[in-house]
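Hi,

Here is the structure I said I would pass on. Have a look at it first, and my notes follow below.

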Amino acid sequence: MNEERKKALQSLKTAKGQIDGIIKMIEEERYCMDISNQIVAAQALLKRSNLLILKQHLNHCVKQAVINGESDEKIDEIMTILEKAMSK
């Protein structure tokens, strides 16, 4: 497993722990702003994980496709993901 994937996996595991904590906070009827802050933190970890996975994809899959002269499909994939990520 390469470094980007390891970092993404760690971020996702941390986000999972935060989400479990958020669920508990809601069940315990904790202060809304504290819950919201934790949700924002979990979202940031998910975004970071996605960026790491996209970086890995660019450095490996897309790079190889460019070398093989088959980059159009890979570029379209990246654009589709970026459009989804930026529309939220």
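Let me start with His57, which is in contact with Val62, Lys74, Glu77 and Ile78 once its neighbours within four places in sequence are set aside. His57 belongs to helix α2. Is His57 buried or exposed? With a relative accessible area of 17%, His57 falls under the 20% cut-off, so it counts as buried. Keep in mind throughout that this is a predicted model.

Now the overall fold. The protein has three helices and zero strands, and from the N terminus on the order is simply α-α-α. The radius of gyration comes out at 17 Å, whereas the globule rule gives 12 Å for 88 residues, so the protein is more spread out than a compact globule. Along the principal axes, the C-alpha atoms fill a box of roughly 55 × 30 × 15 Å. Of the 88 residues, 20% count as buried. If you take the contacts between residues at least 6 apart in sequence, 57% of them join residues at least 24 apart.

On the surface side, the protein exposes about 6,800 Å², and carbon and sulfur atoms supply 57% of that. For your electrostatics, there are 14 positive and 13 negative side chains. How far apart do the centres of the two sets lie? The answer is 7 Å.

A few more residues, going along the chain:

- Lys6 sits in helix α1, which covers residues 3–27. Its relative accessible area is 45%, so Lys6 lands between the 20% and 50% cut-offs and is partly exposed. Lys6 and Glu70 are 64 residues apart in sequence, and their C-alpha atoms are 28 Å apart in space.

- Glu29 is one for your backbone checks: its phi is positive, about 55°, although Glu29 is not a glycine. You will find Glu29 in the loop between α1 and α2, the latter being residues 32–67. At 72% relative accessibility, Glu29 is over the 50% cut-off and therefore exposed.

- Lys47 is a helix α2 residue. A relative accessible area of 60% makes Lys47 exposed, because the cut-off for that is 50%. From Lys47 to Asn68 there are 21 residues along the chain, and 30 Å separate the two C-alpha atoms.

- Ser71 is part of helix α3, residues 71–86. Ser71 has 18% relative accessibility, which means that it counts as buried under the 20% cut-off. Apart from neighbours within four places in sequence, Ser71 is in contact with Ala65 and Val66.

Last, the cysteines. How many disulfides does the structure hold? Zero. Cys32 is exposed, at a relative accessible area of 59%, while Cys61 is partly exposed, at 32%.

To put the two buried residues from my notes side by side: His57 is at 17% and Ser71 at 18%. On the other side of the cut-offs, Glu29 is exposed at 72%, Lys47 at 60% and Cys32 at 59%.

Cheers

Methods:
Residues are numbered from 1 along each chain as its sequence is written. This is a predicted model: local features need pLDDT of at least 70, side-chain atom pairs count only at pLDDT 80 or more; totals for chains, interfaces and linings use all residues. Side-chain values use heavy atoms; hydrogens and water are left out. A disulfide is a pair of cysteine sulfur atoms within 2.5 Å. Buried means under 20% relative accessible area, exposed over 50%, partly exposed in between (1.4 Å probe, protein chains only). Helices (H or I, at least four residues) and strands (E, at least two) are DSSP runs, numbered from the N terminus. The radius of gyration is taken over C-alpha atoms; the globule rule is 2.2 Å times the number of residues to the power 0.38. Contact means heavy atoms within 4.5 Å. Accessible areas come from the Shrake-Rupley method with a 1.4 Å probe; for residues, only the protein chains shown count as cover. Lys and Arg count as positive and Asp and Glu as negative; His and the chain ends are not counted. The place of a charge is taken as NZ of Lys, CZ of Arg, CG of Asp or CD of Glu.
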